[in-house]
Amino acid sequence: MAMMKGFAYGTGALSLSYGTIANALGRVTRAAVLPLIAAAVALGASLAIAQDREQVKVAFAHALPNVEGKKMVAATVTYPPGAKSLAHHHAASAFIYAYVLSGAIRSQVGDVPAKIYHAGESFYEMPGSHHRVSENASDEEPASLLAIFVVDSKDEPLTTPDKGP
């Protein structure tokens, strides 16, 4: 057995040349890296899809102490540039007050024409309303709103996307 820069290598059936080792490592590396690249591409596609949709974060949820069987839920809805929500219905008992925190939101509830609401403006949805359009009115700037629900305590889920065509 001979030594080469701190590594022992032998001769005979178990000996390997540097070229053989490099080729084997190259194959192993490619075999390990290709699935990682595929996963990264898939994740990138998922992130791109996710960036086309709103992000909803519940900020507050509490039973109303003076209105039996009702709760209030406040959620921030953030839209990246050009993002939108799917058309949807809210829980049957939900009365919703929406206040635009930043940017501009295009909204259409029921058969009323769509309207753009800017930061500081608000709108509401009556129980049973169909929210046809809810989206960022800008392709360049983010937008956000605060949605406050007054809803039956047991009414879940608060939002249900329409069934696709």
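How many helices and strands make up the secondary structure of the protein? Colour the model by secondary structure and count: one helix and 12 strands. Keep in mind that this is a predicted model.

**Overview.** Trace the chain from the N terminus. The elements run β-β-α-β-β-β-β-β-β-β-β-β-β. Now colour by accessibility. Of the 165 residues in the protein, 25% are buried.

**The open sheet.** Select strands 8, 7, 10, 5 and 12. These five strands form an open sheet, in the order 8-7-10-5-12. Their pairing is antiparallel. Go to the edges next, where strand 8 (115-118) and strand 12 (159-161) stand. Each has a single partner strand, so one side of each is left without a neighbour in the sheet. Turn the view to look across the strands: the twist averages 35 degrees from one strand to the next. As background, strands of a sheet pair through backbone hydrogen bonds, either parallel or antiparallel.

**Strands 5 and 10.** Narrow the selection to residues 88-90 and residues 130-136. These are strand 5 and strand 10, paired in the antiparallel sense over two bridges. Pick histidine 88. Opposite this residue, in strand 10, stands histidine 131.

**Glutamate 135.** Stay on strand 10, which also holds glutamate 135. Is glutamate 135 buried or exposed? Its relative accessible area is 15%, so glutamate 135 counts as buried, the cut-off being under 20%. Show side chains here and add arginine 106. A polar contact of 2.6 Å joins the side chains of glutamate 135 and arginine 106.

**The nonpolar patch.** Switch to a surface view. Select Phe95, Tyr97, Tyr99, Leu101, Tyr124 and Met126. Together they form a nonpolar patch on the surface, with about 580 Å² of accessible area. Which strand gives the most to the nonpolar patch? Strand 6 (residues 95-102) does, with four residues. Click on leucine 101, a patch member that lies in strand 6. Its relative accessible area is 43%, so leucine 101 is partly exposed; that class lies between 20% and 50%.

**Threonine 76.** Finish on strand 4 (residues 70-79), where threonine 76 has its place. With a relative accessible area of 25%, threonine 76 is partly exposed. Add isoleucine 148 and draw a distance between the two C-alpha atoms. Threonine 76 and isoleucine 148 are 72 residues apart along the chain, yet their C-alpha atoms are separated by 8.8 Å.

Note on methods: Residues are numbered from 1 along each chain as its sequence is written. This is a predicted model: local features need pLDDT of at least 70, side-chain atom pairs count only at pLDDT 80 or more; totals for chains, interfaces and linings use all residues. Side-chain values use heavy atoms; hydrogens and water are left out. Patches are made of residues with over 30% relative accessible area and no salt bridge: like charges are joined within 9 Å, nonpolar side chains (Val, Leu, Ile, Met, Phe, Trp, Tyr) within 5 Å. Accessible areas come from the Shrake-Rupley method with a 1.4 Å probe; for residues, only the protein chains shown count as cover. A salt bridge is a side-chain nitrogen of Lys or Arg within 4 Å of a carboxyl oxygen of Asp or Glu. Buried means under 20% relative accessible area, exposed over 50%, partly exposed in between (1.4 Å probe, protein chains only). Two strands pair if DSSP finds at least two bridges between them. Axes are lines fitted to C-alpha atoms, for helices over the stretch in contact, and angles run from 0 to 180 degrees between N-to-C directions. A polar contact is a pair of N or O atoms within 3.5 Å; within protein, one must be able to donate a hydrogen and the other to accept it, and residues adjacent in sequence count only if both atoms are side-chain atoms.
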